[in-house]
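Please find below a note on the model under review, arranged as numbered points. The points begin with a single loop and widen to the whole chain.

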Amino acid sequence: MLMGRRVTLCPYCEQGFVLRARIRATGMDIAICEECDTCWEVERGFRVVGFEDLMTREGLMALWSEIDVFAVQLSPVPYR
Ligand SMILES: [Zn+2]
């Protein structure tokens, strides 16, 4: 499906694509791996954080229904 497109593969699991999304309740922009749920906080220089840790910190449930995916990540993401 995505063959030939320049998309970013997650450096942690090397299986999922990295997606761009926005947390509905807060408007925070994140990148998130579709496979292992690793997140990058876009506005903090793509700081790496787990989805569960991030959402808990924001006082939210760590559910995909709490975020809106709107794009695929095209540039490389940090690998801590
Ligand atoms: Zn991953």
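1. Asp37 lies in the loop that connects S2 and S3. In this predicted model, the residue has a positive phi near 65°, although Asp37 is a residue other than glycine. The hairpin of S2 and S3 has 4 residues between its strands, and Asp37 is where the positive phi occurs. Is Asp37 exposed, partly exposed or buried? Asp37 is partly exposed, as 18 other C-beta atoms lie within 10 Å; the buried class would require 20 or more.

2. The two strands on either side of this loop are paired. S2 and S3 run antiparallel and are joined by 3 bridges. Within this pair, Ile32 is placed opposite Cys39 of S3, and Ile30 has Glu41 of S3 as its bridge partner.

3. Ile30 also serves the pairing on the other side of S2: Ala21 has Ile30 as its bridge partner there. S1 and S2 are antiparallel, with 5 bridges between them. They form a hairpin with 5 residues between the strands, and in its turn Gly27 shows a positive phi of about 75°.

4. The hairpin of S3 and S4 also deserves attention. S3 (residues 38–41) and S4 (residues 47–50) are antiparallel and share 4 bridges. Thr38 has Gly50 of S4 as its bridge partner. There are 5 residues between these strands, and Gly45 among the residues of the hairpin adopts a positive phi near 65°.

5. How are the strands ordered in the sheet? The sheet is open, has 5 strands with antiparallel pairing, and follows the order S4-S3-S2-S1-S5. S4 and S5 (67–72) occupy the edges; each has a single partner strand, so one side of each lacks a neighbour in the sheet. From one strand to the next, the twist averages 35°.

6. The burial of S2 should be read together with the nonpolar core. Of the 5 residues of S2, 4 are buried, so the strand is largely enclosed by the rest of the structure. The largest nonpolar core has 12 residues: Cys10, Val18, Ala21, Ile30, Ala31, Ile32, Cys33, Cys39, Trp40, Leu54, Met55 and Ile67. Two or more of these residues come from each of S1, S2 (29–33), S3 and helix H1 (51–57). S2 makes the greatest contribution, with 4 residues.

7. Met55, one of the residues of that core, has further contacts worth listing. When neighbours within four places in sequence are set aside, Met55 is in contact with Leu60, Met61, Ala62 and Glu66.

8. Glu14 is another residue whose backbone should be inspected. It has a positive phi of about 55° although Glu14 is not a glycine. Glu14 is located in the segment before S1 (18–23). Why is Glu14 classed as exposed? The residue has 10 other C-beta atoms within 10 Å, and the exposed class covers counts of 12 or fewer. The C-alpha atoms of Glu14 and Glu35 are 9.0 Å apart, with 21 residues separating the two along the chain.

9. For the chain as a whole, the protein comprises 1 helix and 5 strands, which run β-β-β-β-α-β from the N terminus on. The radius of gyration is 12 Å, close to the 12 Å given by the globule rule for 80 residues, so the protein is as compact as a globular protein of that length. The C-alpha trace spans about 40 × 25 × 20 Å along its principal axes.

10. Two overall proportions complete the note. Among the 80 residues of the protein, 18% count as buried. Of the contacts with a separation of 6 or more, 45% are between residues 24 or more positions apart.

Terms used:
Residues numbered from 1 in each chain as written. Predicted model: local features only at pLDDT ≥ 70, side-chain atom pairs only at ≥ 80, totals over all residues. Pairing = 2+ DSSP bridges. Core = buried A, V, L, I, M, F, W, Y, C linked by C-beta atoms within 7 Å. Contact = placed C-beta atoms within 7 Å. Axes fitted to C-alpha atoms, helices over the stretch in contact; angles between N-to-C directions. Rg over C-alpha atoms; globule rule 2.2 N^0.38 Å.
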